[in-house]
Structure formats: structure tokens, C-alpha cells
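User: I've got a model open on my screen and I'd like to talk through how its side chains pack and pair. Can we take it one question at a time?

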Amino acid sequence: MKYTNTIEIALPRERVAQLLADPAHLPKWLRGMVLHEPVEGVHGQLGTTSRVVMQSGKRKMECTETITRRDPADLHGIPKESVVHFDREIVGPGMWSAVRDRLTEVDPETTLWESESEYRFSGLLMRLVGRLMPGAFHKQSQQHMQDFKAFAEQGKDVREGGS
């Protein structure tokens with residue numbers, strides 16, 4: 001299953017890239033984030049593998065995330081014509097996914113965030129969920145992007161309640 005989500009954020013691309021790359025901000029916009037800790041490498045850097053624990057209701061899910069692309073590596077002084085890339089693979093029980101994020105400059109104060117997600121399921125339960133509820137994955141990804149936009153533009157923290 002593959003899908004793409006997009007959102008415009010009213011901030012310069014360099015600032016958006018820096019906020020997305022900073023692990024201290026993850027719990028502020030990524031609903032259900034319990035833990036995101038590097039197992040090998042430096043948080044957010046190319047090749048880093050992290051243990052990720054997410055919770056939805058009473059259900060906890062643990063995955064391994066590997067950063068497969070971060071371009072440019074230095075998020076300061078990014079040339080105007082450059083596209084910022086953050087790619088990662090996530091492996092969990094019965095599933096594998098790849099997320100390919102691209103940040104492009106719409107104008108000096110606006111960033112377009114395009115996120116392409118791909119999922120493959122191996123476990124019976126996850127294959128069933130993927131077939132019966134593909135829209136739920138797409139909707140959840142869009143919610144994460146909207147939460148990031150609210151955090152980046154207005155300082156809203158998903159842990160403080162409300163939507």
C-alpha cells in the first residue's frame with residue numbers, strides 16, 4: 001500500500017527542517033509517542049537506528065526506525081533551490097514501512113511538506129488491517145502532519161489535549 005500526503009506550513013523551509021529533525025520536539029506533535037531512542041548512531045542522522053514505542057489507547061507497538069536518507073546533512077544555510085529529504089524505514093511486528101519526506105520552498109515564508117508512505121504487511125492480522133482499513137493509515141499520517149503544522153506555527157502541543 002502506498003499513498004502521499006501534503007501540507008503547507010507557514011514557516012521558512014530551513015526552520016521546518018530543523019523542527020522536524022529535532023527529537024526533543026517529537027512528543028509535542030507525534031500523537032502516541034511514548035519513546036524514541038537511538039540504539040545505534042546519533043538521533044536523526046543518516047544510518048541511525050532507533051527504538052520507537054507508540055501507544056494508541058491501551059495498545060502499545062514497538063518498532064525499529066532506521067534513517068535511510070537525510071539530505072542535506074547540515075540543516076543550516078540550505079540553498080534556496082535544494083529539496084530537503086528525510087527518509088526512514090520502520091519495522092515492527094508484521095509490518096515494514098518506508099516514509100520519504102520532501103520539503104520544498106513555496107516562497108521564503110512557506111514550506112511544502114510532501115510525505116510518501118509505503119507499507120508492506122507480513123503478519124496475518126496486519127495484512128487484514130491493511131486491506132480492511134487502508135484509509136486509516138492515510139488519515140493518521142495526515143493527522144501527524146496537521147499536528148506538526150499546529151506545533152510549528154502556533155506552538156500547540158498534542159499532549160495538552162484538544163485537537
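User: Which residues have the most contacts inside the largest nonpolar core?

Analyst: Keep in mind that this is a predicted model. In soluble globular proteins, nonpolar side chains tend to be buried together. Here the largest nonpolar core has 23 residues. Those with the most contacts inside it are Ile9, Leu20, Trp29, Phe86, Leu103, Trp113 and Phe148.

User: Which element gives the most to this core?

Analyst: Several elements chip in: β1 (2–9), α1 (13–21), α2, β5 and α4 each supply at least two residues of the core. The one that gives the most, with 5 residues, is α1.

User: What does Trp113 touch, leaving aside its neighbours within four places in sequence?

Analyst: Trp113 is buried, and it is among the residues with the most contacts inside the largest core. Its partners include polar or charged names such as Asn5, Thr6, Asp101 and Arg102. The others are Ile7, Ile9, Leu20, Trp29, Leu103, Met145 and Phe148.

User: How is the ring of Trp113 set against that of Phe148, stacked or edge-to-face?

Analyst: A pair of aromatic rings is described by the distance of the centres and the angle of the planes. For Trp113 and Phe148 the centres are 5.4 Å apart and the planes are at 80 degrees. Planes over 60 degrees apart count as edge-to-face, so this pair is edge-to-face.

User: How many residues apart in sequence are those two?

Analyst: Trp113 sits in strand β7 (residues 110–121), while Phe148 belongs to helix α4. The pair links distant parts of the chain, and the separation is 35 residues.

User: Which residues do ring pairs link into a cluster with Trp113?

Analyst: The whole structure has 6 aromatic pairs. Ring pairs tie Trp113 into a cluster with Trp29, Phe148 and Phe151.

User: And Tyr119 with Phe121: what is the angle between their planes?

Analyst: Both residues are buried, and they are included in a second, separate core of 9 residues, along with Val99 and Phe137. Their ring centres are 6.0 Å apart and the pair is stacked. The angle between the planes is 15 degrees.

User: On to charges. Why does the salt bridge between Arg31 and Asp147 tie together parts that are 116 residues apart in sequence?

Analyst: Side chains of opposite charge can pair when their charged atoms come close. In this pair, the closest N and O atoms are 2.4 Å apart. Arg31 lies in the loop between α2 (26–29) and β2 (33–40), and Asp147 is in helix α4 (residues 134–154), so the bridge joins those parts of the chain.

User: Which partner in that bridge is buried?

Analyst: Arg31 has 27% relative accessibility, which makes it partly exposed. Under 20% counts as buried, and at 6% the buried partner is Asp147.

User: Where in the chain are Glu65 and Arg88?

Analyst: Their side chains meet in a salt bridge, 3.5 Å from N to O, and both residues are buried. They are 23 residues apart, with Glu65 in strand β4 (residues 59–71) and Arg88 in strand β5 (residues 84–92).

User: Which residues are linked in a network of salt bridges with Glu118?

Analyst: Glu118 is buried at 9% relative accessible area, and it forms a salt bridge with Arg120, closest N and O atoms 2.9 Å apart. Arg120 is partly exposed, at 48%. The network joins Glu118 with Arg100, Glu116 and Arg120.

Conventions
Residues numbered from 1 in each chain as written. Predicted model: local features only at pLDDT ≥ 70, side-chain atom pairs only at ≥ 80, totals over all residues. Heavy atoms only, no water. Salt bridge = Lys/Arg side-chain N within 4 Å of Asp/Glu carboxyl O. Helix = DSSP H or I, 4+ residues; strand = E, 2+ residues; numbered from the N terminus. Buried < 20%, exposed > 50% of the residue type's maximum accessible area, 1.4 Å probe, protein only. Phe/Tyr/Trp six-rings, centres within 6.5 Å; stacked < 30°, edge-to-face > 60°. Core = buried A, V, L, I, M, F, W, Y, C linked by side-chain atoms within 4.5 Å. Contact = heavy atoms within 4.5 Å.
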